[in-house]
Amino acid sequence: MSVDDLVSYLGVHRNSLYKALGSKRGLYLIALRHHLAADVRPLLDALADATDAAAALRLVTSADLDLLLLAAIERAPVDEEVASEVTAAWAAVDQAIADALRVPGDLAAALTAAALGLLLRGNPDNAATALTRGLGPLT
C-alpha cells in the first residue's frame with residue numbers, strides 16, 4: 001500500500017498524515033507496536049496457561065505473528081529500533097514459555113525456534129504433536 005493509497009483510504013491530506021506520523025517509517029513503527037500489543041501480548045498471556053511443550057507450540061503456531069515475522073526478516077536487519085522491538089518480543093515469548101513450563105531459557109528459546117520452523121513447514125499441529133511426543137517431559 002502506498003502513501004497515496006493510505007491518504008485516499010483515510011480521507012486525510014498527505015501533510016496531515018506526515019504531521020501525525022512523521023514518515024512512512026513512523027507509520028510502520030506504530031503498526032508494529034500495535035501488532036505487539038494486540039497480537040503478541042495475548043499470546044504471552046495464553047502461554048502462561050500452557051501445561052506442556054505441545055500446548056506451547058500450538059499457541060505460538062496459531063498466533064497471528066505475520067507482522068512480527070516480516071519485521072524480523074525485512075526491517076530488523078536495517079533498522080535498530082525495529083530490531084529492538086523484535087528482539088524484545090521474541091525474548092518475551094521465550095520467557096513466557098520458560099515460566100509456564102518451568103524450563104531453562106535456552107530450552108524455551110529452542111521451543112520458540114521450533115514453533116517458527118513449524119510455521120514455515122506448514123501443518124504445525126501434527127508436527128507439534130510428533131515433536132513433543134518424541135521429547136517426553138521437559139525438565
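Visitor: What makes the crossing in which α6 passes α7 right-handed?
Guide: A crossing is called right-handed if the near helix is turned clockwise from the far one, and left-handed if it is turned anticlockwise, by less than a right angle, and α6 passes α7 in the right-handed way. This is a predicted model, in which local features need a pLDDT of at least 70 and side-chain atom pairs count only at pLDDT 80 or more, whereas totals for chains, interfaces and linings use all residues. Residues are numbered from 1 along each chain as its sequence is written, and side-chain values use heavy atoms, with hydrogens and water left out.

Visitor: How do you describe the way α6 and α7 pack?
Guide: Two packed helices are described by the angle between their axes and the distance between the axes. For α6 and α7 the angle is about 115° and the axes are 8 Å apart, where axes are lines fitted to C-alpha atoms, for helices over the stretch in contact, and angles run from 0 to 180 degrees between N-to-C directions. The residues that make the contact include Trp90, Asp94 and Ile97 of α6 together with Ala108, Leu111 and Thr112 of α7.

Visitor: What makes α6 and α7 count as helices, and how many helices does the chain have?
Guide: Helices are DSSP runs of H or I with at least four residues, strands are runs of E with at least two, and both are numbered from the N terminus. By that rule the chain comes to eight helices and zero strands.

Visitor: Why is Thr112 called buried?
Guide: Buried means under 20% relative accessible area, exposed means over 50%, and partly exposed lies in between, with a 1.4 Å probe and protein chains only. Thr112, which lies in helix α7, has a relative accessible area of 3% and therefore counts as buried.

Visitor: How do you know which residues Thr112 is in contact with?
Guide: Contact means heavy atoms within 4.5 Å. Leaving aside neighbours within four places in sequence, Thr112 is in contact with Trp90, Val93, Asp94 and Ile97. Asp94 is 18 residues from Thr112 in sequence, and their C-alpha atoms are 6.3 Å apart in space.

Visitor: Why is Arg102 described by the opposite word, exposed?
Guide: Arg102 has 72% relative accessibility, so it counts as exposed. Arg102 lies in the loop between α6 and α7, and its phi is near 55°, a positive value in a residue other than glycine. Thr51, in the loop between α3 and α4, is exposed as well, with a relative accessible area of 70%. Thr51 and Arg102 are 51 residues apart in sequence and 9.8 Å apart in space, C-alpha to C-alpha.

Visitor: What makes Leu29 buried?
Guide: Leu29, in helix α3, has 5% relative accessibility and so counts as buried. Among its contacts, neighbours within four places aside, is Glu81, which is 52 residues away in sequence and 8.5 Å away in space, C-alpha to C-alpha.

Visitor: What makes a set of residues a nonpolar core?
Guide: A nonpolar core is a set of buried Ala, Val, Leu, Ile, Met, Phe, Trp, Tyr and Cys residues joined through side-chain atoms within 4.5 Å. The largest such core has 32 residues, and Leu47, Val60, Leu68, Val93 and Ile97 touch the most other members. α6 gives the most to this core, with 10 residues.

Visitor: How do you know which helix has the lowest mean confidence?
Guide: Confidence is given by pLDDT, the predictor's score for each residue, from 0 to 100. Among the elements of the chain, helix α8 (residues 124-135) has the lowest mean pLDDT, 64, and helix α6 (residues 80-101) the highest, 98. Where pLDDT is low, the predicted coordinates should not be read in detail.
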